[in-house]
Amino acid sequence: MTDFPEPAALASHGPARVVALCNQKGGVGKTTTTVNLAASLAEYGRKVLVVDFDPQGAASAGLGVNPNEAELTIYDLLMRSSVKAEDVIVATNVDNLDLMPANIDLSAAEVQLVGEVARESTLDRALRGVEDDYDVILIDCQPSLGLLTVNALVAAHGVIIPLASEYFAMRGVALLVETITKVQDRLNPRLTIDAIIPTLYDGRTLHSQEVVESVRHGFGDKVTETMIHRTVKFPDASVAAEPITTFAPQHAGAHAYRQLARELVARGVAA
Ligand SMILES: Nc1ncnc2c1ncn2[C@@H]1O[C@H](COP(=O)(O)OP(=O)(O)O)[C@@H](O)[C@H]1O
Ligand SMILES: [Mg+2]
């Protein structure tokens, strides 16, 4: 395993690289990776914005923000032209880490946006006002390939795909890659697949190892060296509404996300 170096301090901040965490399958670690990668990059002095783009609001809750008490959410930013990105952003308990919260209101946006002009680029336009304030913007997508996810792909420079190390993990990935390719061709030529991250890895089982082997065979060096092992500390941290890096800073799970942050910086896909 490569020992990825600690990222050099940044002399100045922005403009942000925008990365969408996507997989239309639920329960694969999108939100866990968004929250903990964001917290790890923030620990390394990066200014990070998490955009909660799932009406379930799990990223918001995981960062200690009750999205049902938020005065404004990403829904307001998408649907009301008088609302600016900075009006929606809230600070979290983690230094350098801000959040745009989401709640169930966002599910209405999917329907309401359909009638809009340039409906696929609504999020892209909405984020432009704050891109200069951050080094990295991570978008936590909902488990679907619908219009909200397409908006995330249009706003993004790169895509990170968390992939559970379980049988059938690859099922659906072809469709995801096809969607990414369509968005590249038609709407966002700069979009690239930055990384595929093996999550929920259980080294004690042969099948976890076999799945990761076949994912590496299929996707080569897109797959990160860093794998995220299965541990109950992750659900524990989300119950505590904290990233694992502050909930259990010395736990192997916290070290894994710090290593992922270092690897992604070394690959040039995070600041
Ligand atoms: N590495 C892990 N080990 C154990 N549980 C995990 C791990 N990653 C995520 N989980 C748990 O699995 C569930 C789904 O993860 P989540 O990140 O919410 O997935 P998604 O956003 O893709 O639906 C959550 O309860 C989360 O706490
Ligand atoms: Mg999620």
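Two strands pair if DSSP finds at least two bridges between them. This is a predicted model. Two parts of it are covered here: strand 2 with its partners, and the surroundings of ligand 1.

**Strand 2 and its partners**
- Strand 2 spans residues 48–53. It runs parallel to strand 5, residues 136–141, and 6 bridges join the two.
- Within that pairing, leucine 49 has isoleucine 137 of strand 5 as its bridge partner.
- Strand 2 also runs parallel to strand 4, residues 97–100, with 4 bridges between them.
- Here valine 48 is matched with leucine 97 of strand 4.

**Cover on strand 2**
- Strand 2 is mostly covered, with 6 of its 6 residues buried.
- Val48, Val50 and Asp52 point one way from the strand. Leu49, Val51 and Phe53 point the other way.
- Residues on both of these sides are buried.

**The shell around ligand 1**
- Ligand 1 is surrounded by 15 residues. The closest are Gly27, Lys30, Thr31, Thr32 and His229.
- The shell holds 8 polar, 5 nonpolar and 2 charged residues.
- Helix 1 (30–43) supplies at least two shell residues, and so does helix 10 (233–239).

**Polar contacts of ligand 1**
- An oxygen atom of ligand 1 lies 2.9 Å from a polar side-chain atom of threonine 31.
- On the backbone, a polar atom of histidine 229 is 2.9 Å from a nitrogen atom of ligand 1.
- A polar backbone atom of threonine 231 is likewise 2.9 Å from a nitrogen atom of the ligand.
- Ligand 1 taken alone exposes 560 Å², and the protein buries 77% of that.

How values were computed. Residues are numbered from 1 along each chain as its sequence is written. Chains are lettered from A and ligands numbered from 1 in the order in which they are written. This is a predicted model: local features need pLDDT of at least 70, side-chain atom pairs count only at pLDDT 80 or more; totals for chains, interfaces and linings use all residues. Side-chain values use heavy atoms; hydrogens and water are left out. A residue is near a molecule or strand if one of its heavy atoms lies within 4 Å of it. A polar contact is a pair of N or O atoms within 3.5 Å; within protein, one must be able to donate a hydrogen and the other to accept it, and residues adjacent in sequence count only if both atoms are side-chain atoms. Accessible areas come from the Shrake-Rupley method with a 1.4 Å probe; for residues, only the protein chains shown count as cover. Ala, Val, Leu, Ile, Met, Phe, Trp, Tyr, Cys and Pro count as nonpolar, Asp, Glu, Lys and Arg as charged, and the others, Gly among them, as polar. Buried means under 20% relative accessible area, exposed over 50%, partly exposed in between (1.4 Å probe, protein chains only).
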